[in-house]
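I opened this model to work through its strands, its pocket and its side-chain contacts. My notes follow in the order I looked things up.

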Amino acid sequence: MDGIVSSSTGIGPVGGIFRADDGSWILDFNKTINIMHPLQTKLWGIFVGLQIAWDNGFERLLIQSDNKEAINRLNGAIASFDSFSLIRAIAK
């Protein structure tokens, strides 16, 4: 999952790719969102990706992101009680 933010427009596309255990392509996605903060953009990419995974019946996932803060907060013992509502939604 990934996301970036344009500093001039504030528009941030998020996207990701789903691959099988052997690395072969299953499906990909992208969505444009209006988020200014890079952490939010990364988290929205994960959230949208999880929704797509659920809709497609995927049960086991390995999520990869290059944003250490996002991963640390999601892996935290109290992610479901995080002050950031998007982290709570992902944890749920």
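**Hairpin.** I began with β2 and β3, which form a hairpin with five residues between them. In the turn I checked G23 and found a positive phi of about 90 degrees. The model is predicted, so I read that angle as a computed value. Next I looked up how the two strands pair. Strand β2 covers residues 12-19 and strand β3 covers residues 25-33. They run antiparallel and share eight bridges. I noted two of the partners. R19 in β2 is bridged to W25 in β3. V14 has K31 as its bridge partner in β3.

**Overall layout.** I then stepped back to the whole chain. I counted three helices and three strands. Along the sequence, the order reads β-β-β-α-α-α. The chain has 92 residues, and 33% of them count as buried. I also looked up the long-range contacts. Among contacts with a separation of 6 or more, 43% join residues 24 or more positions apart.

**Pocket.** How much space lies in the largest pocket? I read off about 520 Å³. Its lining is made up of 15 residues, and the closest to the centre are I17, F18, R19, L61 and L62. Which element gives the most to this lining? I found that β2 does, with four residues. R19 therefore appears twice in my notes: it is among the residues closest to the pocket centre, and its bridge partner in β3 is W25, with pairing judged from DSSP bridges.

**Salt bridges.** I searched the whole structure and got two salt bridges. I took K42 and D66 first. Their side chains meet at 2.7 Å, N to O. K42 sits in helix α1, residues 38-55, whereas D66 sits in the loop between α1 and α2, so the pair ties together parts that are 24 residues apart in sequence. Is each partner buried or exposed? K42 counts as buried, at 10% relative accessibility. D66 is exposed, with a relative accessible area of 60%.

The other salt bridge joins R73 and E69, at 3.6 Å, N to O. The cut-off is 4 Å, so this pair is counted. Both residues are in helix α2, four residues apart, which means that about one helical turn separates them. I looked up accessibility here too. R73 is partly exposed at 23%. E69 is partly exposed at 40%.

**N67.** I moved on to N67, which I found in the loop between α1 and α2. This residue has a relative accessible area of 15%. Buried means under 20%, so N67 counts as buried. Which residues does N67 touch, setting aside those up to four places away in sequence? I got L39 and K42. K42 is also the salt-bridge partner of D66.

I then checked the polar atoms of the N67 side chain. The side chain reaches the backbone nitrogen of E69 at 3.2 Å. A polar atom of the same side chain also lies 2.8 Å from the backbone nitrogen of A70. E69 thus comes up in two entries: its backbone nitrogen is reached by N67, and its side chain meets R73. I added one distance across the sequence. N67 and P38 are 29 residues apart along the chain, and their C-alpha atoms are 8.8 Å apart in space.

**S80.** My last stop was S80, in the loop between α2 and α3. I found α3 at residues 85-91. S80 counts as partly exposed, at 42% relative accessibility. What is S80 in contact with, leaving aside its neighbours within four places in sequence? The answer is R88 and A91. I also looked up its distance to K92. The two residues are twelve apart along the chain, and 6.6 Å separates their C-alpha atoms.

Notes: Residues are numbered from 1 along each chain as its sequence is written. This is a predicted model: local features need pLDDT of at least 70, side-chain atom pairs count only at pLDDT 80 or more; totals for chains, interfaces and linings use all residues. Side-chain values use heavy atoms; hydrogens and water are left out. Buried means under 20% relative accessible area, exposed over 50%, partly exposed in between (1.4 Å probe, protein chains only). Contact means heavy atoms within 4.5 Å. A polar contact is a pair of N or O atoms within 3.5 Å; within protein, one must be able to donate a hydrogen and the other to accept it, and residues adjacent in sequence count only if both atoms are side-chain atoms. On a 1 Å grid over the protein atoms alone, a cavity is a set of points where a 1.4 Å probe fits but cannot get out, and a pocket is an open set with protein on both sides within 12 Å along at least five of seven lines; lining residues have an atom within 4 Å of a point. Grid points are joined across faces, edges and corners, and a volume is the space filled by probe spheres set on the points.
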